[in-house]
Amino acid sequence: MPRFVPKNLTSKYLYMVILQEKKQKTWYDFDMKKDSETEIRYVRDTDESFWFTLDKHLLFAEFQKKVRDKQGYILLQNGIPVGILRYNLFWDNTPFCTLLYVKGGMQRKGLGKKLMQFWENEMKALGFDWVLVSTQKNENAQYFYRAIGYIDCGNLTAPDQTVELLLNKRLSN
């Protein structure tokens, strides 16, 4: 059984749980179109070396939790890993994307947008109404998130740190 129970237990959700138990995750679970070049799947133990080339902040024990709890994704282009997304549940009830990273030469090609749409669709299928992201005030990611429908909802400040912007998005019905 999943670690949390969505509000709306649908047949699509039950189908996803069955696929998760069989470890068969594909784009088609959430009505996403898989094109001939792009694939998104859950992170696996075997992705460790690639993962840590992009994610310099995650501890190994947390990586193992992302694998176990299916809270991380690998973006592949022509079978080659080019991006990652990880998330957790803020306040134990709101999906919060803690990292989206697409390799330098693959940025600005719509891949980050595809990865975010995939994650948002999965969160919607799990019954969540809202999702959160954050980025530092001096990073350009804020413009990307706003362009794909996120709105500012607050910020965090800490001594000697850059302000962290919080943005949210309502997942449409």
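1. Helices (H or I, at least four residues) and strands (E, at least two) are taken here as DSSP runs and are numbered from the N terminus. With that convention, β4 is the element that gives the lining of the largest pocket its largest share, namely seven residues. The model under discussion is a predicted one, and the points below should be read with that in mind.

2. The overall make-up comes next. The protein chain holds five helices and seven strands, and read from the N terminus these elements follow one another as α-β-α-α-β-β-β-α-β-α-β-β. Of its 173 residues, 44% count as buried. When contacts between residues at least 6 apart in sequence are considered, 54% of them join residues that are at least 24 apart.

3. The seven strands make up an open sheet with mixed pairing, and their order across the sheet is β1-β2-β3-β4-β5-β7-β6. At the edges stand β1 (38–42) and β6 (151–156), each of which pairs on one side only. Direction ignored, neighbouring strands of this sheet are turned against each other by 30° on average.

4. Two of the pairings deserve a closer look. Strand β5, residues 130–136, and strand β7, residues 164–170, run in the antiparallel sense and are joined over seven bridges, with Leu132 standing opposite Asn168 of β7. The edge strand β1 pairs with β2, again in the antiparallel sense, over five bridges, and here Tyr42 has Tyr73 of β2 as its bridge partner. Although β1 lies at an edge of the sheet, this strand is mostly covered, with four of its five residues buried.

5. Which helix packs on the sheet and touches β1, β2, β3, β4, β5 and β7? It is helix α4, residues 111–125, and the direction of this helix makes about 160° with that of β4. Lys114 has its place in α4 and, at 25% relative accessibility, counts as partly exposed. The C-alpha atoms of Lys114 and Thr38 are separated by 9.0 Å, while the two residues are 76 residues apart along the chain.

6. Salt bridges number six by the rule applied here, and one of them joins α4 to the sheet: the side chains of Glu120 and Lys169 meet at 3.0 Å, N to O. Glu120 belongs to helix α4 and Lys169 to strand β7, so that the pair links distant parts of the chain, 49 residues apart. Are these two residues buried or exposed? Both Glu120 and Lys169 are buried.

7. A second salt bridge brings together the side chains of Asp55 and Arg86, at 2.6 Å from N to O. Because Asp55 sits in the loop between α2 (48–54) and α3 (60–69) whereas Arg86 sits in strand β3, this pair ties together parts that are 31 residues apart in sequence. Since buried means under 20% relative accessible area, Asp55 is buried at 1%, and Arg86 is buried at 10%.

8. In a third salt bridge, Asp69 is paired with Arg68, and the closest N and O atoms are 2.8 Å apart. The partners differ in their surroundings: Asp69 is buried, with a relative accessible area of 19%, but Arg68 counts as exposed at 57% relative accessibility.

9. Helix α3 can be described around that last residue pair. Its buried residues include Phe63, Lys66, Val67 and Asp69. An α-helix has 3.6 residues a turn, so residues three or four places apart point the same way. Among the elements that cover the buried residues of α3 are α2, β2 and β3. After α3 comes Lys70, whose phi is positive, near 55°.

10. The final point returns to the largest pocket, in which about 1000 Å³ of space lies. Thirty residues line this pocket, and those closest to its centre are Leu100, Thr135, Glu139, Ala141 and Tyr145. Which elements each supply at least two residues of the lining? They are β4, α4, β5 and α5 (141–147). Helix α4, which packs on the sheet, is thus also one of the elements lining the pocket.

Methods
Residues are numbered from 1 along each chain as its sequence is written. This is a predicted model: local features need pLDDT of at least 70, side-chain atom pairs count only at pLDDT 80 or more; totals for chains, interfaces and linings use all residues. Side-chain values use heavy atoms; hydrogens and water are left out. Two strands pair if DSSP finds at least two bridges between them. Axes are lines fitted to C-alpha atoms, for helices over the stretch in contact, and angles run from 0 to 180 degrees between N-to-C directions. Contact means heavy atoms within 4.5 Å. A salt bridge is a side-chain nitrogen of Lys or Arg within 4 Å of a carboxyl oxygen of Asp or Glu. Buried means under 20% relative accessible area, exposed over 50%, partly exposed in between (1.4 Å probe, protein chains only). On a 1 Å grid over the protein atoms alone, a cavity is a set of points where a 1.4 Å probe fits but cannot get out, and a pocket is an open set with protein on both sides within 12 Å along at least five of seven lines; lining residues have an atom within 4 Å of a point. Grid points are joined across faces, edges and corners, and a volume is the space filled by probe spheres set on the points.
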